[in-house]
Amino acid sequence: MTGLGPFIEKMMTSKEAERCIAASCEIAGKAARYVSVAPPLPDPLLRGLSAIGIEKLYSHQAAAIESVRQGRDIVVVTSTASGKSLCYNLPILESLLFDPSGKAVLMFPTKALSYDQQAALQGLVASEPELSGRVVSGVYDGDTPSHARRKVRERANVLITNPDMLHQGILPHHSRWAGLFSGLRFVVLDELHTYRGIFGSNVANVIRRLQRICEQYGAKPQFICCSATINNPKELASRLTGRPVDLIDDDGAPQSKRHFIIWNAPPVDANGLIRPTRAGQAERLISELMSADVQTIAFTRTRMGAEILSKNIKARLEKQKSPLADRVKPYRGGYLAEKRRRTESDLMKRKLLAVVSTSALQLGVDIGSLQGCVIVGYPGTIAGTWQQAGRAGRKQGASLAILVAGADPVDQYIAQNPSYIFDRNPEDAVIDPMNPYILTQHICCAAMERPLREEDEAFFGPMFRSIVKLLSDCQKLKRIGETWFWSTDEYPSGQAGLRTVSGKKLTIQAWDMTHSGDVVGEIDAASVPFIAHPEAVYLHEGETFLVAHVDYGRGIVTVQQEDVGYFTTPVVSTSIDLKETYEKKELRGLTIAWTSVSVTSQTTGYMRRRFSTFENLGTYEVSLEPVILDTVATYIMIDESLRDALALENLPAVGGIVGLKNLLSVVVPLIAMCDRLDIGIVLDSENLGEQAIFVFDRFDGGLGFSERVMDRIEEVLAMCLKVVCGCPCKRGCPSCVGIADPSTESPVLPESMQSKRKSATRRLLELALDE
């Protein structure tokens, strides 16, 4: 039998389920709650809604319309597929019916979502002449053909774009968009929860620049924000827009039954140290879902992971001589627009039965009748987990989400503590618009868009004047009277990226027997030394390319197609230099301090790993320039009193701090609501004369992640203790305090001390927490 129901029944009653299912829950469906709008929507809108099968509005949709009518800025927070788009489309269309001169800007974080939402808007207006005659929508992003851009600019009264295009292609040329800015009534920020970390901090400054330009044209638009569930949506919306907002979170949408399983295959060795890879487990589960005719989306954390998993699923099905082998594809950022649109279309038409994606398809794109979702490793946040799980079951049918855990310590924490996912509230989304590095970039952009005046401090905050002085001293600004003018021929918006520290991107070109300079993707410059260095393997649509040359000047990475059976991972050395201590405190034998640091990272080599087994095929040296990062960090150092207490119990202090370092890699991302790649953790003895753990933000100037470690240190340490006490291993394993690896750890401990690492770490934490 095929179908989701029989698949779930077979899975839950199998012998394997007893070994591999760490936890499961069933979330019951709920009925819709409808509310009427007073006064009713105009007749043309009611007819347009009826044409697409909508006769009544959910409670949150009605509340949003009424708040917008009253001129309030709002943020709507409801479940996935709850009709949030009508919370902004209906007020905008109603306004255009009464005032055709008005304009709206709809911003989405991804191109895929922009095109999906334009199709939804067109579907609403197309059947009603009074709407179709007044509403002209257009997508303006990096994929918009050059011949269509002028038409969109001159005709569209509902402009659909993304923050990157607003930043680089619209605000710097605002005079060409005078008609838009002078009539701008609404700005929509959809998928608000994605605007966190460096991306959110940049977008907050883009919004300030937008408001500054609107002021020049006499407009003050309303903000309508929509978000998946996070813990601080009102705070986030207010920090992004710089305004107070009303929260609308009374979700009236119906919800279908959802099944959620945490899959954790047991160790395969006698010592309990080696687990099956999560990619291998996901490969089998997805293949079985496809064979049961369950259309499935899988999420991986990296582009390479998406490529490798898709390639291995296809190979598995080919080995089984299954006709389904060609019905699985990868999907990720870096693909050209035509490839992305084709994959989205094939999903909608069920030509594809499975897609393996990065977070590029995590957002609210309607991609058809998906019933299954396989999440390959914990995504990093509770909010992100439920967002990915919500990609399945969008058509009111039942759905299944499987979170596949691996040996990764964070995965194991989730598998051992499933209530963290099932019972805990989602995290706060953290941004820092006042990061001096980010703020300086956007003040440069603002100066080029419109000369600066002292009144602009209202947009950019108390550091505005000191940054303007700094830019004047380095001759990027020239003061004439009370006004500062941009005085160089640089294009600051082109140099400042929103999603990475470095705004520069490099084009990846293939040159070989079958490719003659074909563009196969793009990559940000900051990632090149780590994943696109010479001799690295670049994966594209399941094909392997070897990097032959990197030309930063021309912005080109040259690759050649080679059919190799391996992928590459970098070997990176990291050193840290303590600059200044901002705050320090003592905690029962520990010294904790928040500091400024300089971090030097250098790719010194790379490992080749076999696709099918992840076996290490060898390590090879490369010589690349170091990358230097000026950021902030929290350090944790064991004091002499705690060392003596451990020594009295014959436990090695060094083993305890090495174990604590490993535990922090589990806990800090959970506390700070950040990706594991947003922070770095190193063990260092050069700066303080003793071993200390440094937790640093991987962004110039920092974004507040390491500061949260300082502020919530007892909560961090308590969670570390919970991990080490809950792990079933006896001497330490990769899922708790780690295991001995003389090639990467310093100092190398004698075997007698290595065997006590777990005990030392546990006792260290108990003493520090007074337990």
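Three elements each supply at least two residues to the lining of the second largest cavity in this predicted model. They are α5 (85–98), β3 (103–107) and β6 (184–189). Of the elements, α5 gives the most, with three residues. The volume of this second largest cavity is about 30 Å³. Its lining consists of I92, S95, L96, G102, K103, A104, N157, R185 and F186. By class, four of these residues are nonpolar, three are polar and two are charged. K103 and R185 count as the charged pair, because Lys and Arg fall in that class.

The search covered the whole structure and found two cavities of 30 Å³ or more. The largest cavity has a volume of about 40 Å³. The residues that line the largest cavity are R258, H259, F260, W386, A389, S399, L400 and A401. Here β9 (258–263), α16 (382–389) and β14 (399–404) are the elements that give two or more residues to the lining. The lining of the largest cavity divides into five nonpolar residues, two polar residues and one charged residue. The charged residue is R258, because Arg belongs to the charged class. H259 and S399 make up the polar part, because neither His nor Ser is listed as nonpolar or charged. F260, W386, A389, L400 and A401 form the nonpolar part of this lining.

Notes:
Residues are numbered from 1 along each chain as its sequence is written. This is a predicted model: local features need pLDDT of at least 70, side-chain atom pairs count only at pLDDT 80 or more; totals for chains, interfaces and linings use all residues. Side-chain values use heavy atoms; hydrogens and water are left out. On a 1 Å grid over the protein atoms alone, a cavity is a set of points where a 1.4 Å probe fits but cannot get out, and a pocket is an open set with protein on both sides within 12 Å along at least five of seven lines; lining residues have an atom within 4 Å of a point. Grid points are joined across faces, edges and corners, and a volume is the space filled by probe spheres set on the points. Helices (H or I, at least four residues) and strands (E, at least two) are DSSP runs, numbered from the N terminus.
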